Amino acid sequence: MLRIFFVNCIFIISCFATDIDSFEDEYIAQDSFDPLSGYNRVMTEFNHIFYQNVLIPTFKGYDYMMPNPAQNAISNFFDNLLFPIRLVNNVLQLKFANAGEESLRFIANTIVGFGGISDVATNVYGLKKHDEDLGQTLGYWGVGGGFPIVLPFLGQTNLRDLVGMSGDFFINPMSYTNEIFTDNANRYFHLNLIAKSWRVINDGSKDPELYNKLTNGTIDLYAFLKDGYEQRRNAQIQE
């Protein structure tokens with residue numbers, strides 16, 4: 001009798017282990033769908049070299065020359081300018097209270113905050129910022145991330161967020177500089193590019209070593225950045 005009991009236990013355990021293995025195999029198969037893996041790894045290494053030798057030294061030099069209050073003022077200005085992206089995507093996610101608070105923030109920072117250089121909406125009126133983009137909106141409505149993609153200079157993203165970036169481009173007021181200044185579109189295209197680059201450098205200069213802090217000691221840089229990106233985006237979508 002005891003022998004039969006042990007045989008049954010072993011059979012149940014083996015079946016359970018088989019189910020677990022099948023589940024893990026299915027999970028890994030779904031999670032590892034990465035048709036651009038070869039390209040992504042090469043581009044990750046390219047970006048890593050670019051960050052280490054160009055971007056991070058630029059961040060440090062800018063941080064050395066630019067006082068912290070000026071860095072904050074510039075960040076506030078660009079953040080206020082990108083209000084339409086947050087407004088539209090909050091509305092698309094039916095977060096109307098958040099959209100209303102974003103509108104109040106824009107009014108306060110534009111009028112009282114001298115065009116947005118001072119974040120009086122947060123510091124004086126206690127109005128919270130609600131960051132939303134089209135990639136988050138698509139995720140909110142159930143669109144999966146798709147396969148990962150690494151962009152030159154911009155870094156890690158996925159198919160859904162790449163589509164989202166394309167959509168946000170048309171909401172971004174900075175994208176219409178050329179339309180406003182039609183007398184010399186080529187000239188203002190470059191001014192537009194300079195403005196966007198300035199924003200990236202200014203924001204990055206607040207913590208020039210952030211990239212190194214995140215990636216220091218990483219064995220598989222691409223896998224680390226890919227997993228970290230997906231976890232962060234999923235958390236943002238679920239907020």
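Me: Let's start with Lys129: how should I read its 32% relative accessibility?

Reply: Relative accessibility under 20% is called buried and over 50% exposed, with partly exposed in between. At 32%, Lys129 therefore counts as partly exposed. Bear in mind that this is a predicted model.

Me: Which residue does Lys129 form a salt bridge with?

Reply: Asp131, with the closest N and O atoms 3.6 Å apart. Asp131 is partly exposed too, at 43%. The two also belong to a network of salt bridges that links them with Asp79, Arg86 and Glu102.

Me: Arg86 makes me curious about its helix. Which residues of α4 are buried?

Reply: Helix α4 covers residues 83-92, and Phe83, Ile85, Arg86, Asn89 and Asn90 are buried there. Viewed down the axis of α4, these buried residues fall within an arc of 165°, so they line one face of the helix.

Me: Why would residues that aren't neighbours in sequence point the same way?

Reply: The general idea is that an α-helix has 3.6 residues a turn, so residues three or four places apart point the same way. Back in this model, the buried residues of α4 pack against α3 (68-81), α5, α7 (134-140) and α8 (159-169).

Me: What happens to the backbone just after α4?

Reply: Look at Leu94: it takes a positive phi of about 65°.

Me: Back to salt bridges. How many are there in the whole structure?

Reply: A search finds 14. One to click on is Arg41 with Asp220, where the closest N and O atoms are 2.9 Å apart. Arg41 lies in helix α2 (residues 37-65) and Asp220 in the loop between α11 (210-215) and α12 (221-238), so this pair ties together parts that are 179 residues apart in sequence. Arg41 is partly exposed at 36%, and Asp220 is partly exposed at 30%.

Me: What about Asp207 and Lys213: how do their side chains meet?

Reply: In a salt bridge, 3.2 Å from N to O. Asp207 counts as partly exposed at 29%, while Lys213, with a relative accessible area of 55%, is exposed.

Me: Now something without charges. Which residues make the nonpolar surface patch?

Reply: To count towards a patch, a residue needs over 30% relative accessible area and no salt bridge. Here Leu104, Ile107, Ile111, Val112, Val124 and Tyr125 make a nonpolar patch of about 610 Å². Take Ile107 as your example: you'll find it in helix α5 (residues 96-111), and its relative accessible area of 46% makes it partly exposed.

Notes
Residues are numbered from 1 along each chain as its sequence is written. This is a predicted model: local features need pLDDT of at least 70, side-chain atom pairs count only at pLDDT 80 or more; totals for chains, interfaces and linings use all residues. Side-chain values use heavy atoms; hydrogens and water are left out. Patches are made of residues with over 30% relative accessible area and no salt bridge: like charges are joined within 9 Å, nonpolar side chains (Val, Leu, Ile, Met, Phe, Trp, Tyr) within 5 Å. Accessible areas come from the Shrake-Rupley method with a 1.4 Å probe; for residues, only the protein chains shown count as cover. A salt bridge is a side-chain nitrogen of Lys or Arg within 4 Å of a carboxyl oxygen of Asp or Glu. Helices (H or I, at least four residues) and strands (E, at least two) are DSSP runs, numbered from the N terminus. Buried means under 20% relative accessible area, exposed over 50%, partly exposed in between (1.4 Å probe, protein chains only). The arc is that of the directions from the helix axis to the C-beta atoms. Contact means heavy atoms within 4.5 Å.
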